[in-house]
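Trainee: Could you take me through one part of this model in detail? I'd like to hear about the sheets, and how their strands and helices sit together.

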Amino acid sequence: MMLSVRDLAVRFATDGGVVRAVDGVSFDLDKGEILAIVGESGSGKSVTAQTLLGLTRAPNATITGTVEFDGQDLTQLDDEQFREIRGKRIAMIFQDPMTSLNPVYRVGDQIVEMIRAHRKVSKKEARDSAVDLLRSVGIPNPERRVHNYPHEFSGGMRQRVMIAMALALDPDVLIADEPTTALDVTVQAQILRLLDDLNRERGLAVVLITHDLGVVAEIADRVAVMYAGQIVEDATLDKLFYDPQHPYTWGLLGSLARLDQPRPARLAQIAGMPPSLLNPPTGCRFAARCPHEFDKCAEPPPLVDGDRCWLDPEDKRRLRDLDGRIGLQKGVAS
Amino acid sequence: MFRFVARRLTGMIAVLFAISVIVFLIFNVIPNSNPAIRIAGKNANPELIARVSSDLGLDQPIWVQYLTLMKKIFTGTLTSYASAQNVTDQIWRGLPATLSLTIGAAVLWMVLAVVFGYLSAIHSGKFTDRALTILSLVGISMPVFWLAAILLYFLTFKVQLFPTSSYVPLTTDPLRWASHLILPWLTLAVLYVGFYSRVLRSNMLDVMNEDYVRTARAKGLPERQVRIRHVLRNSMIPIVTLFGLDFGAVVGGGAILTETVFNINGVGLYAGRAIGSLDLPPLVGVTMFGAFFIVFFNTVVDILYAFLDPRIRLGEAAPA
């Protein structure tokens, strides 16, 4: 086990009350595994990812639970101890490669700076490794490109630079927070392939945060679906796509555009809005939007075998089947 | 780069021209400004006034008067109406004192502003920040003439910590030069320290939320390095702009109050006296001199910008 998260909760105290952005999230990441955390905006997936590396620094935030990595609980580390983990053992890349690099330094210097923060090497050696890193992530003319500034790269190339930087110290885990969201579809595919290659060649374990099930299907080994600050389903890729247990997952799958089916008049959607995290419902958080709600749903369902739903497995199989494909509900008009 | 400098030089000439015209016209519409009447004395008869007027060229059409004035400025033969002294010489004579005052004050205000702004930003909301906020607001609110008078009264008269005012040239005695300038430096710097540290603080708080600062932290850089290399460095860009404007202004005679209260014979004091006696030639001279410095330092800042922010390329059209 590389990384083991237990009951992680992140709360933000605001004028309107306490926002439970992440509320009791638990998951494990195995060596060399690609775990996708899927959810819509505001489901808490990005906050979860940032909290793993201690980057949730708002003074109004309270963090509880444990993040176990290599025998230590990361939530207990101070900044100086965390430096040994950040970048060196666990690296992170972010959603917007346009703004994630400092515009006033050459990309080579930004990689050199990272290497020299952890290893006692000369500038020259660090720069040589920067060139090698840029080459390894598929940047042409790396000897010349190390001297360029971020604005001289395209979006996809900048994300490659970010990945090169993340790999600089040969970390065990890469946390990728929506790494392809800001990119064109073709560039997206290239970046995903790069991550997949790194995973296979270096045994790099990846936590991939995304809202895009297409991205998940591409490279993930296992998927955790987040809804309103909680994980509602945690399953292998195949199981999630072919035997999904939670109605929210059915809704997500049902809303995908499918090339192998006749084109519907409009794409299916999940009616309603996610609940406010200021005062989340006491029972099942998805109940208000779920057509299969029943009296049991007023009690909070636990996560059992990667599933947070009270429905009987037999009923689930019946309810999710909409004329041979999986969905939440037929013909929902908005 | 060459096109940029050429464009800025053209702009500079246009600005200086406009300023000279405005100053000249203002002087001509001020009531009781006719220098001939004042020079001729209290009980002058009309003939005497007419003679003085014609000596000064005041009987010429206004545009001829303007051109004559400009010609004198560019040939360095401009003389004061009141004292018949050469204006250019007087400005040159005042320059060492003014530069001593302003460069020293500028160093002081930049260093203190960066230190205070930085401390304020990294302790934002805490006691240090609040204390520095109050301090800078006090600094911004204190009028220079009042602060100068208070400092003089308490630190040179009550407690004789510093020598009484006036300027000692650096070449005469560096120690006395500095000890005589400490209070003026402080007085001139206080306003800018307050203002700049507030601006820097808010810039830094903005930059702290930038994605690249999060990246820097995720890279495992020491917190100090994150704050200085990434936050402070990127927050300095607007400060440099302000500095270019303000420094140009104080060198070009903007330190009138400080120079007057501390009796420093600089460009500002010269300008102050010329205003007092409604003496046009020194006024135009000092104004042009000041305008030149403001435009000049602005250009320097724009060039500096390209080094501070590599996204800026001089002389090229801005990307759409």
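**The sheets, strand by strand**

Mentor: Let's start with the sheet of four strands in chain A, an open one with the order β2-β1-β4-β5 and antiparallel pairing. Keep in mind that this is a predicted model. The edges belong to β2 (17-29) and β5 (72-73) of chain A; each has a single partner strand, so one side of each is left without a neighbour in the sheet. Inside the sheet, β1 (residues 3-14) and β4 (residues 61-69) of chain A run antiparallel and are joined by eight bridges. If you want a spot to zoom in on, try A:Arg6, whose bridge partner in β4(A) is A:Thr66. Then look at helix α1 (residues 45-52) of chain A: this helix packs on the sheet and touches β1, β2 and β4 of chain A. The direction of α1 makes about 70° with that of β2(A).

Now for the other sheet, also in chain A: six strands, open, ordered β6-β7-β8-β3-β9-β10, with mixed pairing. Here β6 (90-93) and β10 (230-236) of chain A stand at the edges, and each has a single partner strand, so one side of each lacks a neighbour in the sheet. On average, neighbouring strands of this sheet are turned by 15° against each other, direction ignored. For a parallel pair, go to β7 (residues 173-177) and β8 (residues 205-210) of chain A, which share five bridges. There you'll find A:Ala176 opposite A:Leu208 in β8(A). Finally, helix α6 (residues 155-167) of chain A lies across β6 and β7 of chain A, and runs at about 170° to β6(A).

Conventions
Residues numbered from 1 in each chain as written. Chains lettered and ligands numbered in written order. Predicted model: local features only at pLDDT ≥ 70, side-chain atom pairs only at ≥ 80, totals over all residues. Pairing = 2+ DSSP bridges. Helix = DSSP H or I, 4+ residues; strand = E, 2+ residues; numbered from the N terminus. Axes fitted to C-alpha atoms, helices over the stretch in contact; angles between N-to-C directions. Contact = placed C-beta atoms within 7 Å.
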